[in-house]
Amino acid sequence: MQGNYKALWLSDDMFDECLEVIDQRQLPFIYDTKYLTTTEEVVSAIKNMTVRGAGVIGSVAAFGIYIAAIEVEGDYEALREKAALIRASRPTAVNLMWAVDKMMGLLKDSDNLIEDARAFAIELNDKEAKESQEIAKHGCDIIEEILKKKNKTKINILTHCNAGWLAVIDEGTALAPIYEAKRRGIDVHVWVDETRPRNQGASLTAWELAKSEIEHTVITDNMGGLLMQKGEVDMVIVGADRVSANGDVANKIGTYLKALAAYDNEVPFYVAIPASTFDFEIRDGIKEIPIEERSPDEVQFINGVDEEGVLRRVRITPENSPALNYGFDITPAKFVTRLITNRGVCEADFDKIREKFKKSDA
Ligand code: MRU
């Protein structure tokens, strides 16, 4: 792992080595970390979104297999049961299933399960970090092209949810080109969708960008369309939780509406992803990608700090009004200008994706 900031790391503060993660539920108000020392803790941290973001869920799952290997004292059959629990902890981000399957495949013939699990998890995370750096470069090349084409010196980028270093090791996906733009001295401003109901944009993306001193403005989820009509968005970059073989994109709820607005306003809509976000088994994202349904509570209540700085959770709907809370939506491939991948820019099209990412080596 090479970035300046980390969402997770190995810690020897406890009896056995364990995983330490930033508790993302409390940001931006409180910076706190949690130790994950058992499979149960790993599963619950993923479910309750102590850790979130497709890539980081995969990374935690990989280290979760290491923690589980310690728990079962190196017994592969017992590890399979633990792995199944980790694999089922959230349904939409395919990086989770990818990481668990990859780890279990690598460990199948291991004579030294615990040590190997540790080494493979580190290897997998180093691969993710490298891919994030590659996405940064390819994405930033596009930023430069857009500026050149428009003969502008400042770029306005709209993003949805959080796809930075809190979401994907090492610098994220959608935010990686933005960090690279800052390194290249490009004048960049980011429109940050608040991303109801959990507000990952307002709380996490804004926090990340502020920490890196990148100019940004938090906007309500419904404002992007107007800004596009006013010519104030040069491009959209989002991450993804799963991309089907034909290029349909599952990402945080509300992404699809941004893609529609972008299409109508001829604003280029990019999706930044590492190889682990492809699901080559799925040909039709709309019909086949499982969409997580979360508790209505997340819609009915909102978290924040009051004027005294006390963290509070308050209800914002009438007590008897039911709420529905799908966590993700699908943006059909036809609305995606290009995928920004670790292997370069790619059309969201079955044959083009296949060409770049042969199933065997992705
Ligand atoms: O529910 P979350 O916070 O895990 O959802 C995260 C997102 O939707 C991100 O945009 C997505 O993971 C892309 S970054 C890998």
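Begin by selecting Asp 170, which in this predicted model sits in the loop that runs between strand 4 (154-159) and helix 6 (176-183). Look at the peptide bond that leads into this residue from Ile 169, since the bond is cis, with omega near 25°.

For a second cis peptide bond, go to Leu 27 and Pro 28, which are joined with an omega of about 5°; Pro 28 belongs to the loop between strand 2 (18-22) and strand 3 (33-36).

Next, select Asn 151, whose place is in the loop between helix 5 and strand 4. The backbone here deserves a look, as phi of Asn 151 is near 55°, a positive value in a residue other than glycine.

From there, step back into helix 5 (residues 113-150) and display it together with helix 2 (residues 54-71), against which helix 5 packs at an angle of about 170°, the two axes being 8 Å apart. Angles over 145 degrees count as roughly antiparallel, and helix 2 and helix 5 are therefore described as roughly antiparallel to each other. To see the contact itself, show the side chains of Ser 59, Ala 62, Phe 63, Tyr 66, Ala 69 and Ile 70 on helix 2, which meet a set of residues on helix 5 that includes Leu 113, Ala 117, Arg 118, Ala 121, Leu 124 and Asn 125. Sorted by class, this contact of helix 2 with helix 5 consists of 11 nonpolar, two polar and one charged residues.

Finally, centre the view on the ligand and select the 19 residues around it, of which Arg 52, Arg 90, Gln 200, Asn 251 and Lys 252 come nearest. Three pairs of atoms can be picked out in turn. At Gly 53, a backbone N or O atom lies 2.9 Å from an oxygen atom of the ligand. At Arg 90, an N or O atom of the side chain is 2.8 Å from a ligand oxygen atom, and at Gln 200 a polar side-chain atom also lies 2.8 Å from an oxygen atom of the ligand. With a surface displayed, consider how much of the ligand remains uncovered: on its own the ligand has 410 Å² of accessible area, and the protein covers 99% of that area.

Conventions: Residues numbered from 1 in each chain as written. Predicted model: local features only at pLDDT ≥ 70, side-chain atom pairs only at ≥ 80, totals over all residues. Heavy atoms only, no water. Axes fitted to C-alpha atoms, helices over the stretch in contact; angles between N-to-C directions. Helix = DSSP H or I, 4+ residues; strand = E, 2+ residues; numbered from the N terminus. Parallel < 35°, antiparallel > 145°, perpendicular 65-115°, else oblique. Contact = heavy atoms within 4.5 Å. Nonpolar A, V, L, I, M, F, W, Y, C, P; charged D, E, K, R; others polar. Near = heavy atom within 4 Å. Polar contact = N/O pair within 3.5 Å; in protein donor to acceptor, adjacent residues only side chain to side chain. Areas by Shrake-Rupley, 256 points an atom, 1.4 Å probe, with all protein chains shown as cover.
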